[in-house]
Amino acid sequence: MKISIDQKGDSRVAIVESSDIVIGDVQGALDLMASVKYTYGCDKILINKSNITEDFFELRTRLAGEILQKYTNYNVKLAIVGDFDGYSS
């Protein structure tokens, strides 16, 4: 996994690049958040959809809700980019 920082003024965004799944469960999401927040001083993360487990996008698993609630509690913003055409909701 490679993390690069993009900064415009006071705003810093951690851009995560990887060929593997980075967020596979709640603990993986917390580990990423802690690493970015405390190592790089960023509270904004940009990650590709391909780096997140497909279970995240199945709402019945509640994984997205658990992860996003943790990020909200710690005031960290998460942007997921990619092709979402295959999803109906």
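With which residues is Leu32 in contact, leaving aside its neighbours within four places in sequence? In this predicted model, the contacts of Leu32 outside that window are Met1, Ile3, Val16, Val22, Ile23, Ile45, Ile47 and Tyr71. Two of these partners, Ile23 and Tyr71, recur in the description of the largest nonpolar core, where Ile23, Leu32, Ile67 and Tyr71 touch the most other members. That core holds 21 residues. Strand E2 (11-17), helix H1 (26-39), E3 and H2 are the elements that each supply two or more residues to the core. The greatest contribution comes from H1, which gives five residues. In soluble globular proteins, nonpolar side chains tend to be buried together.

The loop between strand E3 (44-48) and helix H2 (63-73) contains Thr53. The relative accessible area of Thr53 is 16%, and the residue is therefore buried, the limit being under 20%. Beyond its neighbours within four places in sequence, Thr53 is in contact with Ile21, Ile23, Gly24 and Leu63. One of these partners, Ile23, is also among the core residues that touch the most other members.

Lys49 is likewise placed in the loop between E3 and H2. With a relative accessible area of 15%, Lys49 falls under the 20% limit and so counts as buried. Apart from neighbours within four places in sequence, the residues in contact with Lys49 are Glu54, Phe57, Ile80, Val81, Gly82, Asp83, Phe84 and Tyr87. Two of these contacts can be described further. Lys49 and Glu54 form a salt bridge, in which the closest N and O atoms are 3.6 Å apart. Glu54, at 43% relative accessibility, is partly exposed, whereas Lys49 is buried. Lys49 also lies over the face of Phe57, at a distance of 5.7 Å from the ring centre.

Phe57 belongs in turn to a cluster of rings: Phe56, Phe57, Phe84 and Tyr87 are linked by ring pairs. Four aromatic pairs are present in the structure. One of them joins Phe56 and Phe57, whose ring centres are 5.1 Å apart and whose planes make an angle of 75 degrees, an edge-to-face arrangement. Both Phe56 and Phe57 are buried. Another pair is formed by Phe84 and Tyr87, with 6.3 Å between the ring centres. The planes of Phe84 and Tyr87 stand at 45 degrees, which is neither under 30 nor over 60, so this pair is tilted. Phe84 has a relative accessibility of 31% and counts as partly exposed. Tyr87 is also partly exposed, at 25%. Three members of the cluster, Phe57, Phe84 and Tyr87, appear in the contact list of Lys49.

The salt bridge of Lys49 and Glu54 is one of three in the structure. Another joins the side chains of Arg60 and Glu58, with an N to O distance of 3.7 Å. Arg60 has a relative accessible area of 69%, over the 50% limit, and is therefore exposed. Its partner Glu58 is partly exposed, with 35%. Asp6 and Lys8 form a further salt bridge, and their closest N and O atoms are separated by 4.0 Å. The relative accessible area of Asp6 is 34%, which places this residue in the partly exposed class. Lys8, at 62% relative accessibility, counts as exposed.

Asp43 is found in the loop between H1 and E3. Its relative accessible area is 31%; this lies between the 20% and 50% limits, so Asp43 is partly exposed. Setting aside neighbours within four places in sequence, Asp43 is in contact with Asn75, Val76 and Lys77. The C-alpha atom of Asp43 is 8.0 Å from that of Ala14, although 29 residues separate the two along the chain.

Definitions and conventions
Residues are numbered from 1 along each chain as its sequence is written. This is a predicted model: local features need pLDDT of at least 70, side-chain atom pairs count only at pLDDT 80 or more; totals for chains, interfaces and linings use all residues. Side-chain values use heavy atoms; hydrogens and water are left out. Rings of Phe, Tyr and Trp (its six-membered ring) pair if their centres lie within 6.5 Å; planes under 30 degrees apart count as stacked, over 60 as edge-to-face and the rest as tilted. Buried means under 20% relative accessible area, exposed over 50%, partly exposed in between (1.4 Å probe, protein chains only). A charge sits over a ring if NZ of Lys or CZ of Arg is within 6 Å of the ring centre and within 35 degrees of the ring normal. Helices (H or I, at least four residues) and strands (E, at least two) are DSSP runs, numbered from the N terminus. Contact means heavy atoms within 4.5 Å. A nonpolar core is a set of buried Ala, Val, Leu, Ile, Met, Phe, Trp, Tyr and Cys residues joined through side-chain atoms within 4.5 Å.
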